[in-house]
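Reader: Could you show me the model, so that we can go through it together?

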Amino acid sequence: MKRIRFWGTRGSLPVALTAAKLREKLTQALRGASGRAFASDAEIGAYLDSLRFPVSGTYGGHTSCVEIETAGPEYVLCDLGSGVRPFGQAAVTRHGPGSSQSYHIFMSHVHWDHIMGLPFFAPAYVPGNRIRIYGGHAGLEAALRRQQDQPSFPVDFNVFRASIEFVHMDPGRRYDIAGMSVTTKLQRHGGDSYGYRFESSGRTVVYSTDSEHKLADPEETNGFVEFFRDADVVIFDAMYSLADAISIKADWGHSSNVVGVELCQMAGARHLCLFHHEPSSDDEAIERSLAEARRLEEITRTGAPLLVTAAYDGMEIEF
Amino acid sequence: MQFSIRKFTDVVVAAPIGRIDHSNAGPFEDALRPVLEQSGGSGEAVVLDFSGVEYISSVGLRVLMAAAKQAHSQGSKIAVASLQPIVAEIFAISRFDRILDLYPSVADALASLSLPALEAFNAANSGSPT
């Protein structure tokens, strides 16, 4: 495992930065630069790096798609949200249309925001490419085919020219895929979802999105603590505040930054990455959630520090 | 977990002591249950005196959420008072400060809920600020 690359980090629905929000960022950046002179692009870059991320950047708006870069030539992805479109374009650009590649795609579930990118996944249209789609849902293939049926989409699933296979995974069983040991876990979500634990060369990454934690059941909590145990990175659904997640949005199938911190602390994980951001949250709101998660980690820390980040489209985590 | 109960006219002041986390949220819930059931039958309000609570986890907050829902459904009131700074931060981070009635002190909570209860509380605590 070499790195994790985030191509889509938003929950439920893709969003885009509006012109008004971009103008706010530019205004703040220019206000901060007032009276300063920049002799080079490097100095401009250094100035931009000094700004808060919600001013100099954006968390982005593509729905779930995460790449785990392994030491081998095969591609590994989690979910087929809209983020898989830029991933696919980058892969085709890198290899050209005449080169065959293998893609292993692990599906958390088949809700729309996690499958909507497939019709725009360019490698699926390239003959010779091999795509294996893994998941725990019996209706995985049917769901992916159905979204391209008329009248929902003009290009039928059968138009794909890559070889596409569907592989069912049983929770708790260990699979050897793309040089990694992979286990999956059933999660609480409407229609079920599955988390994945990837282990390779002493590194462990957990992808656990669209997962609600009811908190009242110690056995359920302990199950997730073991699933996250000693992970180097836990990519975690932190869509709502804790109060919302257990009150007005109870049974909506999502979790919070607070529960993410607690589970990772109990599991001895090293890095919690907040993921599946609420589409109505702007960059400042996500940054606030991140700052609060970091503060909670600080005031509740009993062992080694837990690094807390918030995923953004384009973010990379190096090993 | 220690859990003391005092009654001031029509308000019950319950005071848990210690940490409310994954290991003892159950006992906290068990201790709180009869207080809530009693308040539902009698119309008494409940004030949770958190001055002795050092930490509360999500599991403990879930107990408070369930208590607030029960109080609402039975037409009674529940408030939380005297949060230690760390616990107040946890309430803010989790947004529980927006859905529960919080007061700086038990006296402030009683002043909002029942003046006779406040008078009884002050009489019982004369000379010992809370």
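Author: What follows concerns the confidence, the interface and one helix.

Author: This is a predicted model, in which local features need pLDDT of at least 70, side-chain atom pairs count only at pLDDT 80 or more, and totals for chains, interfaces and linings use all residues. Residues are numbered from 1 along each chain as its sequence is written, while chains are lettered from A and ligands numbered from 1 in the order in which they are written.

Reader: What ipTM and pTM does the model score?

Author: The ipTM is 0.91 and the pTM 0.95.

Reader: And what is the mean pLDDT of chain B?

Author: Chain B has a mean pLDDT of 93, with 97% of its residues at 70 or more; pLDDT is the predictor's confidence in each residue, from 0 to 100.

Reader: How many residues of chain A are in contact with chain B?

Author: On chain A 17 residues are in contact with 16 residues of chain B, contact meaning C-beta atoms, placed from the backbone, within 7 Å.

Reader: Which helix gives the most to that side of chain A?

Author: H10(A) does, with four residues. Helices are DSSP runs (H or I, at least four residues), as are strands (E, at least two), numbered from the N terminus.

Reader: Why does the span of H10(A) agree with what is expected?

Author: Its 18 residues should span 26 Å at 1.5 Å a residue, and its end C-alpha atoms are 26 Å apart. The expected span is 1.5 Å times one less than the number of residues.

Reader: What do its buried residues pack against?

Author: The buried residues of H10(A) pack against H3 (53–56), H9, E12 and E13 of chain A, together with H3 (85–94) of chain B. Buried means 20 or more other C-beta atoms within 10 Å of the residue's own, placed from the backbone. A:Asp283 and A:Leu296 are among them.

Methods: Contact = placed C-beta atoms within 7 Å. Buried ≥ 20, exposed ≤ 12 C-beta atoms within 10 Å, placed from the backbone.
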